[in-house]
Amino acid sequence: MMKIYKEFSEDLIKFIDASPLNYFAVKNASEILEEAGFKRLSEKENWELERGKYYVIRDDSALIAFEIGKDPREGFEIIGSHTDSPGFKIKSKAEIGTNGYLKLNIEPYGGMIHSTWLDRTLSLAGKVAYKEGDEIKYSLVNIDRNLLTIPNAAIHMNREINKGYGYNPQDKLYPLVKTISDALEADGFILKLLAEDLKIDEDAILDFDLGLYDRQAGAIINDMVQVGRIDNLGSVHASLRALVDSKEGANKMIILNDNEEIGSRTRGGAASNFLKAVLKRIALKSGLDEEGYQIMVENSMLISADQAHAIHPSYPEYSDPTNIVKMNEGLVVKIAANGAYASFVETKARLFDLANKLGFKLQTFHNRNDKTGGSTIGPITTTVLGLKTIDVGIPMLAMHSIRELCGMKDHYEAYEIYKGFFEEI
């Protein structure tokens, strides 16, 4: 089995390394779907649906893929995750030329561990809007070379660096591009960079959405995977592979939301109408009326897949005393009395039963009462649509670091459980 775990983890690393930002995760997912015979739909056009495989993309950063295998009234098995991860975004008018350096103005996206981004080789990726003739076009860009770094101050100048020092993201985390002899050298650097990469005139560029990413490739360390953006491209990868690999005949769906790390209140986020609009269209095109649609939703279930915290060997006191989550010990069901997770007794019972049938063990996670944990797309989606929902994730360490750590066995077992869920075992 170790060989299978390793091969699947290598595929995860390949997917993540090729997905430096949310847009690339969607692009790479769509290519896998196309290869598996899924047909692309457009929200701007009428849909003609029959039994078969389809997908739709919103704003290049969110995606829903589904297979209609039987009467939609019987409901869909849905797995939801998100394409975004914490990081730094480039601000408008970002170039700063001062003290002999060209640096860029950034702002944090989501809650990352700042210190892990320092002293690393970084670059930029994202989406660019530009004019071509009378048409506005959009292209993805990945500056595939060593471009930036955020250097620490020497310990001789900051003696507090190892004593709980906090980095002010306004003026201590500027990424450094290069040395310059004149501040004028900073002018228009980003537009020149993008124009060169896209082979267009810089005057044609209208806007961009760029983020920083780590240039270091992912790695396997014995039975563990270390790479950035496991939260939550690990869930994207496992659910995507489960969808395309599962046997045909069931109604199944994945939704890859965007912007979970900043609250989900966007067009591609879990609080948007994206999932509801797709489900409603499926119902209408299948001849269901409003009541039929409600029956379809009631017969559906969502697995909100968004990773979980393993007990930390150096900080065991951070974990709940009776719900100890360990890496490579199984997929985790996340539970919270305050509603931060959407798991409830019916959905938990179904997943525990499924795992037992497949021969896999599940773990349970609760936050300590004196720790405020995060939340997921689960509570938002179940509130918006009324879907029965359970929150799960693979256990990991260093969540929201530039490089996170998870177990090979857990990632593969998550895939197998998701595949079993789609196959209605």
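Trainee: Why are H1 and H4 called oblique to each other?

Mentor: This is a predicted model, in which local features need pLDDT of at least 70, side-chain atom pairs count only at pLDDT 80 or more, and totals for chains, interfaces and linings use all residues. Residues are numbered from 1 along each chain as its sequence is written, and side-chain values use heavy atoms, without hydrogens and water. Helix H1 (residues 2–17) packs on helix H4 (residues 230–245) at about 120 degrees. Under 35 degrees is roughly parallel, over 145 roughly antiparallel, 65 to 115 roughly perpendicular and the rest oblique; H1 and H4 are therefore oblique.

Trainee: What makes the residues of H1 and H4 a contact?

Mentor: Contact means heavy atoms within 4.5 Å. Phe8, Asp11, Leu12, Phe15 and Ile16 in H1 meet H4 residues including Leu233, His237 and Arg241. The residues of this contact divide into 8 nonpolar, 2 polar and 2 charged.

Trainee: How do you know that S13 is largely enclosed by the rest of the structure?

Mentor: Buried means under 20% relative accessible area (1.4 Å probe, protein chains only), with exposed over 50% and partly exposed in between. In strand S13 (residues 252–257), 6 of the 6 residues are buried, so S13 is largely enclosed. Lys252, Ile254 and Leu256 are buried on one side, and Met253, Ile255 and Asn257 on the other.

Trainee: What makes S4 and S13 a pair?

Mentor: Two strands pair if DSSP finds at least two bridges between them. Strand S4 (residues 77–82) and S13 have 6 bridges in the parallel sense, so they meet that definition. Glu77 has Lys252 as its bridge partner in S13.

How values were computed
Helices (H or I, at least four residues) and strands (E, at least two) are DSSP runs, numbered from the N terminus. Axes are lines fitted to C-alpha atoms, for helices over the stretch in contact, and angles run from 0 to 180 degrees between N-to-C directions. Ala, Val, Leu, Ile, Met, Phe, Trp, Tyr, Cys and Pro count as nonpolar, Asp, Glu, Lys and Arg as charged, and the others, Gly among them, as polar.
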